[in-house]
Amino acid sequence: MPNQSPTPLRPLSQLPKARTGIEGLDEITEGGLPLGRPTLVCGSAGCGKTLLGIEFLVRGILDYDEPGVLMAFEETAAELAANVASLGFDLPQLVADKKLRLDHVHIDRAEIDETGEYDLEGLFIRLGYAIDTIGAKRVVLDTIESLFSGFTNEAVLRSEIRRLFRWLKDKGVTTVITAERGEGTLTRQGLEEYVSDCVILLDNRVIDQITTRRLRIVKYRGSTHGTNEYPYIITEEGLSVLPVTSLKLEHNVSDEVVSTGVADLDAMFRRGGLYQGSSSLVTGTAGTAKTTLAASFALEACRRGERCLFFVFEESPAQLLRNMATVGLDLQPFIDSGQLRIEASRPTLNGLERHLVTIHRLIGQFKPQTVIIDPISNLVSVGSHSEVSSMLTRLVDFLKVQGINALFTALVSGNRGQQEMTDEGISSLVDTWIHVRDLEGVGERNRGISILKARGMAHSNQVREFVIGEQGIRLLDVLVGPTGIITGASRLAQHIQEQARQLAAAQEAERRDRDLERKRRVLEATIANLRTEFESVEEELRRVNSEEQQRHDTLAEERRQLGHSISAQLPATPNGSGA
Amino acid sequence: MSEDMWELRLYVAGQTVKSMTALANLKTYCEKHLKGRYRLEIIDLLEHPQLAEGDQILAIPTLVRKVPAPIRKIIGDLSNHERVLVGLDLRALDPS
C-alpha cells in the first residue's frame with residue numbers, strides 16, 4: 001500500500017474573474033466580473049451605467065493592459081470622450097494608442113425598410129473586427145436594447161441577442177452590457193438578465209431630499225458575492241462603491257496601549273491608555289472640551305511619530321489651530337512636517353456617502369495611524385437616523401479593520417436623562433467611551449470627565465474634574481465632601497479651609513516645640529544647679545577628708561618623735577623597755 | 001443619363017441562403033426596372049469587415065441605395081416585392 005501523504009486542503013477553484021479596477025466593486029464581486037463572460041449593468045436614467053462601462057474599459061487598459069472595445073448605440077465617440085474627459089479619461093489618446101476602439105452604431109428607423117428575413121451578422125462582424133484589430137479583452141455594449149428601436153422583428157432580435165451573448169462568450173471577451181431598467185423587470189426586454197452571467201443593478205433614489213445611489217449584484221453565476229445594496233458615488237475619479245457592510249468582524253487586535261494625550265486620563269485606565277487600533281468615543285454637552293480632548297489625542301499621536309488625520313466639521317483648520325494653541329496644544333509643527341492633516345468641511349456640503357467616500361479616500365491616500373472625527377453628531381444633519389447609523393457602523397468597522405486608532409466626538413443634548421446616550425447608537429461599536437459633562441454647582445459650571453466603558457480594561461469609576469490650562473488638560477484629584485464630590489469654587493473653599501487647618505496645625509506644632517524647648521531648658525538649668533550643688537558638697541567632703549588626713553599624719557609624726565625622745569633617755573636594758 | 005445611374009450596394013456575409021436569395025431577388029428587380037441604369041456592388045463582410053462601420057451595417061443582408069440621394073437601406077432577403085419597390089422608390093421612376 002503506497003504511503004498516503006496527507007494532501008493539504010486546496011481552496012475551491014474559483015471562477016476566473018476580470019478585475020474592474022473600480023473602487024469597491026472588485027471587493028463585492030469578490031475579484032471582479034466573470035472573465036470572458038457577459039455582465040449586464042442595468043439601471044434607470046442617470047445611474048452611471050455608461051460611466052461604469054467606460055471606467056471598466058479604461059481601467060482595464062491602464063491598470064491591467066487589456067485593450068477594449070466600446071460599441072455605443074446612443075452616443076457618438078466624440079460625445080462619449082467629452083463626457084468622461086472630466087474624469088481624467090483621455091479616450092482619443094487611448095484610441096490613438098490602439099488600446100481602445102470606439103464604434104458608434106447609428107440606428108435610424110426612417111432609413112431602414114425591412115423585407116423578409118435577416119439577421120444581425122453585420123453587428124457581429126463589426127464587433128469581431130473591432131475586437132480582432134486591437135486584440136481586445138474587454139467589450140462594452142452601451143445600450144444594446146437600442147436595437148429594438150431600430151428593428152421591428154422582435155423575434156429575430158431576441159434570438160440574435162441570445163446569439164450575441166453566446167458569441168461573446170465564445171470569443172472569450174469580458175463584456176459589460178448596459179440596459180435601461182424596465183417596469184417591474186430589470187431590463188425593458190426582460191431578456192438580457194437571463195443570458196448574462198452577472199447582473200449588476202444600479203439604483204438612484206431620493207429619500208428626504210437626499211439622493212443616494214445604490215448598487216446591488218442581482219446575480220453572479222458560479223460565484224458568491226455581496227448581496228446587499230451598496231452605496232456608490234460618482235467622484236472626480238470615477239465610480240466608487242462602498243463595500244463596507246460586507247466586512248466581517250475579524251480584525252486583528254493589539255495588546256499595545258497608546259496614550260490619550262492626557263496623562264491623568266491615562267492613569268484612569270488600568271493599562272495606562274487605550275488599546276492600539278481601538279475606537280473611542282468622547283461624548284459631551286456643548287463646551288465640555290471635546291475638541292480639546294481630541295486635539296490632545298492628535299498631538300500625542302504626532303509625538304509618537306504617527307500620521308494623524310483630523311476631520312473637523314465645525315471649525316476651519318486655522319480656527320482649530322489657534323484655539324488649541326491657546327491651551328498649549330501646538331499642532332502647527334506637525335502640520336508643517338506633514339504628520340498631521342486637518343480636513344475641514346461642512347457636513348451639509350455633501351451627502352453621507354460622499355463624506356464616507358471622502359474619508360475612505362483620504363485614509364487610503366494619507367495612510368494615517370490615527371483618525372479623529374470631530375464631531376460625528378453633526379453628520380446627522382445630512383441623513384436620516386438609520387442611514388447615519390449604518391454609515392457610522394461602516395466607518396467604525398473600516399477603521400478597526402485598518403487598525404487605526406480612532407477617536408470620535410459627539411455632541412449630546414443637555415437633557416439630563418439623555419446625557420449619557422448617543423443618538424447614533426454607535427456607543428456599542430466603540431471600544432472606549434469617555435463622557436465629559438458639566439458639573440453644575442453653586443453658581444458655576446465645572447467640567448467633569450468619566451469613563452463609561454473601556455473594553456478589555458479595568459478603569460476608574462470616578463468622575464474627575466478637569467481644568468484646561470495653558471499646558472492642556474489637567475485632571476484634578478477627587479475631593480469628596482459631605483455632599484459628594486467637590487468641584488470648582490467649593491473645591492477652592494475646601495482648599496482654603498484645608499490651608500487654614502494646616503496653618504493652625506503647623507502653629508500648634510510650633511507651639512508645642514517651643515514648650516518642649518522651654519522645658520528642656522528648665523530641666524537643663526535644674527540639672528546644672530544640682531550638679532553645682534553636688535560639686536560643692538563633694539568639695540567640702542574632700543576638704544574635710546584631707547584635713548582629717550593631715551591631722552592624722554601630724555599626730556602620727558608627733559607620736560613617732562615622742563617615742564624617739566623617750567628611748568634616748570632610758571638605759572639600754574633588754575627588759576627595761578616593757579611597760 | 002449619368003444622373004439616372006443608380007448605385008446600389010448589397011452587403012452579405014458569406015454564401016448564406018438569405019444572402020443568395022437577396023441577391024437573386026435584387027437582380028430580378030434591377031433587370032426588370034432599372035435595366036442598364038444601375039451599378040451593383042456586392043460586399044462580402046467576411047472578406048472586408050472594415051466596411052461594415054462606414055454604412056452602419058448591422059443586419060445582413062442589407063441593400064443600400066447610395067445614389068440617388070437620400071440614402072435608403074433595406075434589410076432582409078428582399079422577398080417582398082412591393083416593399084422593395086416602395087423602399088427603393090422605384091415605382092416613381094418606372095415609366096410603365
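Read from the N terminus, the elements of chain B are arranged in the order β-α-β-α-β-β-α-α. This amounts to four helices and four strands in a model that is predicted. Chain B has 96 residues, of which 48% are buried. Among its contacts with a sequence separation of 6 or more, 66% join residues 24 or more positions apart. The area exposed by chain B is about 4,800 Å², and 55% of that area is supplied by carbon and sulfur atoms.

**Helix packing in chain B**

Helices α1 (residues 17-33) and α3 (residues 81-88) of chain B pack against each other, at an angle of about 60 degrees and with 12 Å between their axes. The two helices α1(B) and α3(B) are therefore oblique to each other, and their crossing is right-handed. The residues that make this contact are set out below.

| Helix | Residues in the contact |
|---|---|
| α1(B) | B:Tyr29, B:Lys32, B:His33 |
| α3(B) | B:His81, B:Val84, B:Leu85 |

**Nonpolar cores**

In soluble globular proteins, nonpolar side chains tend to be buried together. The largest nonpolar core in this model comprises 40 residues. Those with the most contacts inside this core are A:Phe73, A:Leu120, A:Leu123, A:Leu127, A:Leu141, A:Leu147 and A:Phe151. Several elements of chain A each supply at least two residues of the core. Among them are the strands β3 (38-43), β4 (68-72), β7 (138-142), β8 (174-180) and β9 (198-207). The helices α5 (121-134), α6 (146-150) and α7 (154-171) of chain A likewise each supply at least two residues.

A:Leu141 illustrates the surroundings of one core residue. Beyond its neighbours within four places in sequence, A:Leu141 is in contact with A:Met71, A:Phe73, A:Leu127, A:Leu164 and A:Leu168. The contacts of A:Leu141 also include A:Thr175, A:Val176, A:Ile177 and A:Thr178. Separate from this core is a second one of 39 residues, which includes A:Phe269, A:Tyr275, A:Val436 and A:Ile449.

**A loop histidine in chain A**

A:His225 lies in the loop that connects β10 (210-220) and β11 (229-235) of chain A. The relative accessibility of A:His225 is 18%, so this residue counts as buried, the cut-off being under 20%. When neighbours within four places in sequence are set aside, the residues in contact with A:His225 are A:Ile28, A:Glu30, A:Ile217, A:Lys219 and A:Tyr220.

Methods:
Residues numbered from 1 in each chain as written. Chains lettered and ligands numbered in written order. Predicted model: local features only at pLDDT ≥ 70, side-chain atom pairs only at ≥ 80, totals over all residues. Heavy atoms only, no water. Core = buried A, V, L, I, M, F, W, Y, C linked by side-chain atoms within 4.5 Å. Buried < 20%, exposed > 50% of the residue type's maximum accessible area, 1.4 Å probe, protein only. Contact = heavy atoms within 4.5 Å. Areas by Shrake-Rupley, 256 points an atom, 1.4 Å probe, with all protein chains shown as cover. Axes fitted to C-alpha atoms, helices over the stretch in contact; angles between N-to-C directions. Parallel < 35°, antiparallel > 145°, perpendicular 65-115°, else oblique. Left-handed = near helix turned anticlockwise from the far one by under 90°.
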